[in-house]
Amino acid sequence: MDRLTHRCHKRIAIDEIHVGKKHRFITLVLDLESGAVVFVGKGKGADALKPFWKRLTSSRAQVQAVATDMSPAYISAVLENLPDASLVFDRFHIMKLLNEKLTQLRRELFHEAEGPLGRQVLKGTRWLLLKNPESLDHSKGEHLRLKEALQLNQPLAIAYYLKDELRMFWEQETWGDAMEFLEDWCRRAQTSGIRILQQFARTLQGHRSGLLAWYHHPISTGPLEGVNNKVKLLQRRAYGYRDLELFQLRILSLHTTRFEIVG
């Protein structure tokens, strides 16, 4: 990719994906305006991005915003190499992290539950807790099972409803409204008495600027999920790529490739 093309990048997304069966990772950079993968790095973390930063510097690119997760490695790399760009923390990674905390809480409560009845109520509720309320299948009685579990476990109910409310952070009218919402949510999480929620609230408070930056640049790494699916399709068609450089070139050409399902 030439210098002129790199100069056009305004908003980009960075994320890593797993490839192969040997715990191999590649790091992708996506131009959010064109939808094109503009860089494929070997491995994950800050080191995988070093060649990309060199290209950006030589092209004199004026990147305005970068979407990424809350990885310390990505944060430090973006701040060092793009100090004038807005760092926007990806909303989907944030909700995924909170879902992981909710799963951890459910597991702890299951082991602490008194008697087989208490454990039976919590058993099999993991996926119900991870679902959004509107996604529950009423025909399977999922809403009733979830309601029963929440009624018998106050800490679980508090965590579940706070998780559901956090989604509204990205639906506020203004930056100021979002700041007030975030402060109120963190305050309630801190006073809940639930250790896992308190830890998560401190994490959000420590990354507040990157959360609120979404109201200036409403971007995310979500589009990279589509790229991830295409990468998996590439792997299946080629039965895995042993030549990593060839694999990188195929990924870089994804936005010009048409995929058709045959059969």
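This section describes the overall make-up of a predicted model, the packing of helix 10 against two other helices, and the surroundings of Ile17.

The protein contains 13 helices and five strands. Of its 263 residues, 42% are buried. Among contacts with a separation of 6 or more, 58% are between residues 24 or more positions apart.

Helix 8 spans residues 154-166 and comprises 13 residues. The distance from its first C-alpha to its last is 18 Å, close to the 18 Å expected at 1.5 Å a residue. Seven positions of this helix are listed as buried, namely Leu156, Ala157, Ala159, Tyr160, Leu162, Lys163 and Leu166. An α-helix has 3.6 residues a turn, so residues three or four places apart point the same way.

Two packed helices are described by the angle between their axes and the distance between the axes. For helix 8 and helix 10 (residues 195-206), the axes come within 12 Å and cross at roughly 20°. Because angles under 35 degrees count as roughly parallel, helix 8 and helix 10 are roughly parallel to each other. The crossing of this pair is left-handed. On the helix 8 side, the contact is formed by Ile158, Ala159, Leu162 and Leu166, which meet Leu197, Phe200 and Leu204 in helix 10. The residues of this contact are seven nonpolar, no polar and no charged. Ala159, Leu162 and Leu166 also appear among the buried residues of helix 8.

Helix 10 also packs against helix 9 (residues 175-190), with the axes 8 Å apart and at an angle of about 155°. Helix 9 is therefore roughly antiparallel to helix 10. The crossing of helix 9 and helix 10 is left-handed. Helix 9 contributes Leu182, Trp185, Cys186, Ala189 and Gln190 to the contact, and helix 10 contributes Leu197, Gln198, Phe200, Ala201, Arg202, Leu204 and Gln205. By class, the contact holds eight nonpolar, three polar and one charged residues. Leu197, Phe200 and Leu204 of helix 10 take part in the contact with helix 8 and also in the contact with helix 9.

Ile17 lies in strand 1 (residues 11-19). Its relative accessible area is 6%, and with the cut-off for burial set at under 20%, Ile17 is therefore buried. Beyond its neighbours within four places in sequence, Ile17 is in contact with Arg24, Phe25, Ile26, Leu28, Asn228 and Val231. The C-alpha atoms of Ile17 and Lys44 are 8.4 Å apart, and the two residues are separated by 27 residues along the chain.

How values were computed. Residues numbered from 1 in each chain as written. Predicted model: local features only at pLDDT ≥ 70, side-chain atom pairs only at ≥ 80, totals over all residues. Heavy atoms only, no water. Helix = DSSP H or I, 4+ residues; strand = E, 2+ residues; numbered from the N terminus. Expected span 1.5 Å × (residues − 1). Buried < 20%, exposed > 50% of the residue type's maximum accessible area, 1.4 Å probe, protein only. Axes fitted to C-alpha atoms, helices over the stretch in contact; angles between N-to-C directions. Parallel < 35°, antiparallel > 145°, perpendicular 65-115°, else oblique. Left-handed = near helix turned anticlockwise from the far one by under 90°. Contact = heavy atoms within 4.5 Å. Nonpolar A, V, L, I, M, F, W, Y, C, P; charged D, E, K, R; others polar.
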